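Subject: Structure handover

Hello,

Here is the structure I promised. Please open it first, then read on for what I found.

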Amino acid sequence: MAQSGDPPRLRQYVVVRAQLVGSGLVVGLLLGGLGMAGWTLYTGDARSSEATVFALGALVFGFGLLGWSGSILAGRGIEAMQEHMGTRSNWTERDSRRAMARLCGGGGGIMVGTSIVAALL
Amino acid sequence: MNWTQSLFRLVEPVVPPRFVIKRLLLLIPVLFGVASVVFAILHLAPGDPAIVIAGQRASAEQLEQIRVELGLRRPLWEQYLSFLWDAARFDFGQSYSISRGNSVRSVISDRVPITLELAIYGQAAGILLGLPLGIISAVKQDSLTDHVTRIGALTGISVPIFWSGPLLILLFSTYLDVFPTSGRIKSTLFLPETWTLFGRELPLTGMITLDTILLGNTEAFLSAAHHLFLPAVVIGVYSTALISRMMRSSMLEVIRQDYIRTARAKGQGAKITLMKHGFRNALIPVVTVIGIQFGTLLSGAVLTETVFGINGMGLTIVTAIGVSDYPVVQGTVLTFALLFTLVNVFVDVTYSYLDPRIQQ
């Protein structure tokens with residue numbers, strides 16, 4: 001039963017998801033920024049470095065998004081199939097969805113980090 | 001039952017709208033994800049669009065001017081957002097090379113019907129052959145018919161299109177001269193661009209067999225069907241094999257159920273029991289395979305169209321990648337993704353109709 005001191009369900013819902021995506025975003029920001037700076041130092045060409053690191057970020061973001069929606073679309077079915085077949089895998093739709101959300105955040109972070117460092121260089 | 005109750009029963013949705021809306025809404029992140037991956041891959045791939053447009057002999061100034069015009073000198077995040085916005089409006093600009101000067105949208109709208117027609121015929125061949133073969137194989141389990149069907153199905157699954165296509169061309173076109181090697185219709189036949197319905201001029205669909213029927217041109221229809229037969233067989237072999245295998249195993253599971261035994265014990269005929277109680281229940285997993293298979297047929301069209309020289313989406317994407325026509329590559333990949341996801345939504349809805357428990 002909900003207590004009066006409990007946070008509202010919507011807020012809790014948003015906070016959990018923001019933490020998931022946010023943690024990925026922070027890691028992505030660092031990776032993107034460092035990757036952009038390091039690649040530029042290595043190649044000496046900021047424009048091509050931006051294109052490469054940003055595109056890699058978009059790739060991670062895109063696959064994360066596909067995996068996230070795929071988990072929602074087919075995850076329960078895969079869980080039911082595993083249960084039906086009696087396999088002892090610990091894979092769950094919830095875990096997959098969360099991992100993919102974090103990956104999305106990471107990809108987005110890389111794109112943002114790259115753009116910030118590219119603007120500064 | 002009065003007429004209002006009858007009307008309500010008639011319009012009562014077989015699948016809850018909420019289920020369908022949720023599935024349709026999930027299309028948005030899928031397409032957004034595909035668009036991001038396409039953007040990333042094209043930016044990571046070697047090649048310069050400016051050189052594709054201007055040619056190898058263009059000066060550095062000309063190339064730079066083209067890059068500025070194409071927006072390639074803008075920051076990447078700006079290019080990415082602009083690409084997503086264009087993708088959302090299905091506007092990929094103009095083709096650089098394979099249909100220079102024409103919009104990608106028009107290139108795609110010309111070629112989608114060709115690929116869809118091929119996939120539909122391949123799927124029809126797969127369903128019409130695969131379902132009866134699977135049922136017969138299950139009913140006559142461990143008989144000679146079953147063994148032959150299973151070996152045939154295994155062969156069909158194992159043989160890739162890029163091998164079976166040229167072999168069938170070699171046998172039926174080169175040696176036996178029964179079917180044409182390529183094309184969609186005899187080169188001496190020309191179809192008009194419109195057809196007339198009640199005095200109104202309407203555009204043709206682009207699906208050649210349907211168009212020839214609409215035009216009432218029997219000779220052209222026979223020629224189109226003749227040209228389409230071999231590609232449809234090639235693309236449908238894998239589908240037939242997979243559907244028959246799936247139908248066999250599903251049917252075997254169903255005919256051993258208690259309710260089938262009960263129906264038989266109550267005196268119902270074997271064929272009626274099989275078709276009335278067995279078929280619909282055995283069909284549930286097969287529908288999923290059929291749906292997913294339709295998506296695979298679309299990707300199989302890439303190989304089939306290349307082998308048979310059919311100018312559909314498959315050949316277009318291969319040619320566009322070869323000549324670095326990026327707008328066409330982006331447009332065709334997203335169209336394939338859209339078709340694939342729409343087919344999957346349709347499969348989900350059909351599946352939930354056949355087995356309402358899936359909606360929970």
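A question to start with: which residues does B:Thr240 touch, not counting residues up to four places away in sequence? The answer is B:Ala125, B:Gly126, B:Leu129, B:Gly130 and B:Gly156. Please keep in mind that this is a predicted model.

**Around B:Thr240**

B:Thr240 sits in helix H11 of chain B, which covers residues 218-254. Is B:Thr240 buried or exposed? B:Thr240 counts as buried because it has 26 C-beta neighbours inside 10 Å, and 20 are enough for that class. Now go back along the chain to B:Thr218. The two residues are 22 positions apart in sequence. From C-alpha to C-alpha they are 29 Å apart in space.

**Chain B as a whole**

Chain B has 15 helices and 2 strands. Its C-alpha trace spans about 85 × 55 × 50 Å along the principal axes. Of its 360 residues, 37% are buried. Take the contacts in chain B with a separation of 6 or more: 71% of them join residues 24 or more positions apart.

UniProt, in an unreviewed entry, lists "domain: ABC transmembrane type-1" at residues 112-351 of chain B. Over residues 112-351 the chain is 78% helix and 3% strand. The end C-alpha atoms of that stretch are 26 Å apart.

**The hairpin and a bare helix in chain B**

The strands are E1 (residues 194-197) and E2 (residues 200-203) of chain B. They pair in the antiparallel sense, over 4 bridges. B:Thr194 stands opposite B:Pro203 of E2(B). How many residues lie between E1(B) and E2(B) in the hairpin? There are 2. B:Phe198, in the turn, has a positive phi of about 50°.

Helix H12 of chain B, residues 258-265, is hardly covered. None of its 8 residues is buried. Just after H12(B) comes B:Gly267, with a positive phi of about 100°.

**Where the chains meet**

20 residues of chain A are in contact with 16 residues of chain B. On the chain A side, helix H2 (46-85) and helix H3 (93-120) each supply at least two residues. H2(A) gives the largest share, 17 residues. By class, the chain A side has 15 nonpolar, 4 polar and 1 charged residues.

**Helix packing in chain A**

H2(A) also packs against helix H1 of chain A, residues 9-43. Their axes come within 9 Å and cross at roughly 150°. The crossing is right-handed. H1(A) contributes A:Gly28, A:Gly32, A:Gly35, A:Met36, A:Trp39, A:Thr40 and A:Thr43. From H2(A) come A:Ala46, A:Ser48, A:Ser49, A:Glu50, A:Thr52, A:Val53 and A:Gly57. This contact has 4 nonpolar, 9 polar and 1 charged residues.

**Annotated spans in chain A**

An unreviewed UniProt entry places "transmembrane region" at residues 20-42, 54-78 and 99-120 of chain A. How much of the 54-78 span is helix? The figure is 100%, with 0% strand. Its end C-alpha atoms lie 33 Å apart. The 99-120 span is 100% helix and 0% strand too. There the end C-alpha atoms lie 31 Å apart.

Best wishes

Technical notes. Residues numbered from 1 in each chain as written. Chains lettered and ligands numbered in written order. Predicted model: local features only at pLDDT ≥ 70, side-chain atom pairs only at ≥ 80, totals over all residues. Contact = placed C-beta atoms within 7 Å. Nonpolar A, V, L, I, M, F, W, Y, C, P; charged D, E, K, R; others polar. Axes fitted to C-alpha atoms, helices over the stretch in contact; angles between N-to-C directions. Left-handed = near helix turned anticlockwise from the far one by under 90°. UniProt positions renumbered as here; feature names shortened; annotations may be inferred. Buried ≥ 20, exposed ≤ 12 C-beta atoms within 10 Å, placed from the backbone. Pairing = 2+ DSSP bridges.
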